[in-house]
Amino acid sequence: SVNEQTIAMFGSKTLEDVATGLEAARGALKQAFATDLDLEAEVPTQWYGPGQTRTIGTLMSLAVTETLVHGWDLAGALGVDRTFPEAEAAPALATLMSQMLPHLVKPDLPKSGPVVYEMRIVGGESFVLRIDNGKAWAEPVGGSVDCVMTMRPGVGLLLAFRRVPVWKAVLGGHSKASGRKPWLAFKFQNYFNSA
């Protein structure tokens with residue numbers, strides 16, 4: 001239904017039109033990255049709801065991660081190599097997960113005590129994600145945690161976007177769980193709606 005609404009708003013496009021539009025957007029994004037921006041400045045993001053804002057840094061990270069994940073999707077649809085450089089995902093992944101996952105907590109989660117994850121991104125930043133009574137929030141690393149999830153940026157990105165289940169990432173050696181309750185890694189994606 002989203003595709004039908006988009007086509008109704010913008011009209012149908014040829015593959016050439018889409019490719020031209022993507023290349024123009026890539027150029028605009030590259031130019032935006034080259035300027036001196038205040039990454040902590042809040043900007044309106046009304047598509048997330050009335051009065052909602054996000055920082056410029058969060059939106060830039062979201063642009064990078066969306067491009068990588070949907071490029072991965074497209075490569076799979078075309079039957080070509082799906083790999084992307086881990087270095088492209090590493091700087092944006094922690095921002096994406098810490099700033100966007102709290103907005104995706106399932107509202108119908110059963111009330112429970114807090115669960116605390118430490119998210120370690122190989123080559124990127126680490127943070128703590130607390131989940132308690134249907135809410136989630138990110139904090140700097142420190143204090144007691146239940147489960148430590150260590151992941152390579154590429155697989156972390158695919159985990160965050162629900163393209164890969166946690167068990168597959170762990171069994172494939174791309175992610176590992178440790179801490180007092182390592183089994184909680186397998187419940188991580190259950191707390192969040194799909195992006």
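1. A helix here is a DSSP run of H or I with at least four residues, and helices are numbered from the N terminus. With that in mind, α4 gives the largest share of the lining of the second largest pocket, eight residues. The model is a predicted one.

2. The second largest pocket has a volume of about 460 Å³. Its lining counts 23 residues, and G57, S61, P91, T95 and E125 lie nearest the centre. At least two lining residues each come from α3, α4 (86-100), β4 (126-132) and β5 (135-139). Sorted by class, the lining of this pocket holds 10 nonpolar, nine polar and four charged residues.

3. The largest pocket encloses about 880 Å³ of space. Two elements, α2 (15-34) and α3 (56-78), give two or more residues to its lining. That lining is made of 25 residues, with L22, R26, A63, T67 and L68 nearest the centre of the pocket. By class, 14 of the lining residues are nonpolar, four are polar and seven are charged.

4. α3 deserves a second look when reading the two pockets together. It gives two or more residues to the lining of the largest pocket, and it also supplies at least two to the lining of the second largest pocket.

5. Away from the topic of pockets, there is a nonpolar patch on the surface. W167, L171, W183 and F186 make this patch, which covers about 530 Å². One of its members, W183, sits in the segment after β7 (175-178). W183 counts as exposed because its relative accessible area is 51%, and the cut-off for exposed is over 50%.

Conventions
Residues are numbered from 1 along each chain as its sequence is written. This is a predicted model: local features need pLDDT of at least 70, side-chain atom pairs count only at pLDDT 80 or more; totals for chains, interfaces and linings use all residues. Side-chain values use heavy atoms; hydrogens and water are left out. On a 1 Å grid over the protein atoms alone, a cavity is a set of points where a 1.4 Å probe fits but cannot get out, and a pocket is an open set with protein on both sides within 12 Å along at least five of seven lines; lining residues have an atom within 4 Å of a point. Grid points are joined across faces, edges and corners, and a volume is the space filled by probe spheres set on the points. Ala, Val, Leu, Ile, Met, Phe, Trp, Tyr, Cys and Pro count as nonpolar, Asp, Glu, Lys and Arg as charged, and the others, Gly among them, as polar. Patches are made of residues with over 30% relative accessible area and no salt bridge: like charges are joined within 9 Å, nonpolar side chains (Val, Leu, Ile, Met, Phe, Trp, Tyr) within 5 Å. Accessible areas come from the Shrake-Rupley method with a 1.4 Å probe; for residues, only the protein chains shown count as cover. A salt bridge is a side-chain nitrogen of Lys or Arg within 4 Å of a carboxyl oxygen of Asp or Glu. Buried means under 20% relative accessible area, exposed over 50%, partly exposed in between (1.4 Å probe, protein chains only).
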